[in-house]
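Subject: Structure handover

Hello,

Please find the structure below, with notes on what turned up in it. The notes start from a single residue and work outwards.

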Amino acid sequence: MSINRISLLGIPVDICSPENLEQEILELLIKPGTKQIIFLSIWDLLKARHKGDFADAVKNADLVLPISKSIIRGAKYLKKDIPVRYNPFTAVIQILGILDSHYKSIYLLGSNKKTLEKAAHNVHDTFKGLKIVGRYIGYYPKNIEDDIIQAIYKSQPSLVLISDGIKEKNCWAYRRRNRFSSSIFLYYKDAFGIFSERVQRVKESTFEKGHEIWTEIGHNPFKLFLIFPYMKYVLILLAYKLFKK
């Protein structure tokens, strides 16, 4: 991999321009074993500073793409190389486009039956060269999991796209990494909701300004309390600045 990886508050963040993303994806496809791409928000970064499977998943991920403007500001504040911020939906579309142009395959995991079926239909219609080798709904009973894992293992998709309905989120693939062969795993909660036109994606202009949090607060006012972990993030950055040695 030719990407530049920095450490922000002890958490890895990759610098990968959209122009180089295709090369990175193709290199990941060649790499043996289970691979993982993680979209990292500021809240994820703070969570990853604590011990646990999520922290291990982030630190062992093959590609960590920042999605929060606060991460970019933090890197600037600490005078580190500046990462490229990704809109997760745009990044997923770009990744699917890369796989499509190279006639690769995908497995879809998550959401409910109706949403998943419509999402699969729209993905198939949009990316003609991308083969859907399987799909399964989220919220599945525990006794079905071995069948899902076996299906993914046997079909060896280039990408397993995980959406809502998988409560372990990014940890799902990490905790089962030794049970797969060569796939890339990517979790994006709203993927199937947007593909099925059930969920409206954040406007590009809103995302560029870093105002997507206000959309989230509009849907869930309790997210106003995220101001407290944000303040913690600012204080940790200040501490790193003052005591960087």
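Ile42 is found in helix H2, which covers residues 42-48. Please keep in mind throughout that the model is predicted. With a relative accessible area of 3%, Ile42 falls under the 20% limit and is therefore buried. Leaving aside neighbours within four places in sequence, the contacts of Ile42 are Ser68, Ser70, Ile71, Tyr230 and Tyr233. The C-alpha atoms of Ile42 and Gly110 are separated by 24 Å, with the two positions 68 residues apart along the chain.

One of those contacts, Ser68, sits in the loop between S4 and helix H4 (69-77). Ser68 is also buried, at a relative accessible area of 9%. Not counting residues up to four places away in sequence, Ser68 touches Leu40, Ser41, Ile42 and Arg85. Asp44 is 24 residues from Ser68 along the chain, and their C-alpha atoms are separated by 9.8 Å.

The sheet

How are the strands ordered in the open sheet of six? The order is S4-S3-S8-S7-S5-S6, and the pairing is parallel. Strand S4 (63-66) and strand S6 (131-136) are the edges; each has a single partner strand, so one side of each has no neighbour in the sheet. On average, neighbouring strands are turned by 20 degrees against each other, direction ignored.

At the S4 edge, strand S3 (residues 35-40) runs parallel to S4 and is joined to it by four bridges. Phe39 stands opposite Leu65 in S4. Within S4, Leu63 and Leu65 point one way while Val64 and Pro66 point the other way, and all are buried.

Further along, strand S5 (residues 105-109) and strand S7 (residues 159-162) run parallel and are joined by four bridges. Here Tyr107 has Val160 in S7 as its bridge partner. Helix H7 (residues 145-155) packs on the sheet and touches S5, S6, S7 and strand S8 (184-187). The direction of H7 makes about 170 degrees with that of S5.

The loops on either side of H7

Two residues in these loops have a positive phi without being glycine. Tyr139, in the loop between S6 and H7, has phi near 55 degrees, a positive value in a residue other than glycine. Tyr139 counts as exposed, at 58% relative accessibility. Gln156 is in the loop between H7 and S7, and its phi is near 45 degrees, again positive in a residue other than glycine. At 45% relative accessibility, Gln156 counts as partly exposed.

Ser158 lies in the loop between H7 and S7 as well. Is Ser158 buried or exposed? Ser158 counts as buried, at 10% relative accessibility. Beyond four places in sequence, Ser158 touches Leu29, Leu99, Lys104, Ser105, Ser183 and Ile184.

The nonpolar cores

In soluble globular proteins, nonpolar side chains tend to be buried together. The largest nonpolar core in this model has 36 residues, of which Ile37, Leu159, Leu161 and Phe195 touch the most other members. Helix H5 (residues 88-101) gives the most to this core, with seven residues. Not counting residues up to four places away in sequence, Ile37 touches Ile25, Leu28, Leu63, Leu65, Ile95, Asn170, Ile184, Phe185, Leu186 and Tyr187. Apart from this core lies another, of 25 residues, including Ile6, Ala48, Phe54 and Leu78.

Helices H1 and H5

Helix H1 (residues 21-30) packs against H5 at an angle of about 60 degrees, and their axes are 10 Å apart. The crossing of H1 with H5 is right-handed. On the H1 side the contact is made by Leu21, Glu22, Ile25, Leu26 and Leu29; on the H5 side it is made by Gln94, Ile95, Ile98, Leu99 and Ser101. What kinds of residue make up the contact of H1 with H5? Seven are nonpolar, two are polar and one is charged. Two of the residues in this contact, Ile25 and Ile95, are also touched by Ile37.

Regards

Notes:
Residues are numbered from 1 along each chain as its sequence is written. This is a predicted model: local features need pLDDT of at least 70, side-chain atom pairs count only at pLDDT 80 or more; totals for chains, interfaces and linings use all residues. Side-chain values use heavy atoms; hydrogens and water are left out. Two strands pair if DSSP finds at least two bridges between them. Axes are lines fitted to C-alpha atoms, for helices over the stretch in contact, and angles run from 0 to 180 degrees between N-to-C directions. Contact means heavy atoms within 4.5 Å. A nonpolar core is a set of buried Ala, Val, Leu, Ile, Met, Phe, Trp, Tyr and Cys residues joined through side-chain atoms within 4.5 Å. Buried means under 20% relative accessible area, exposed over 50%, partly exposed in between (1.4 Å probe, protein chains only). A crossing is left-handed if the near helix is turned anticlockwise from the far one by less than a right angle, and right-handed if clockwise. Ala, Val, Leu, Ile, Met, Phe, Trp, Tyr, Cys and Pro count as nonpolar, Asp, Glu, Lys and Arg as charged, and the others, Gly among them, as polar.
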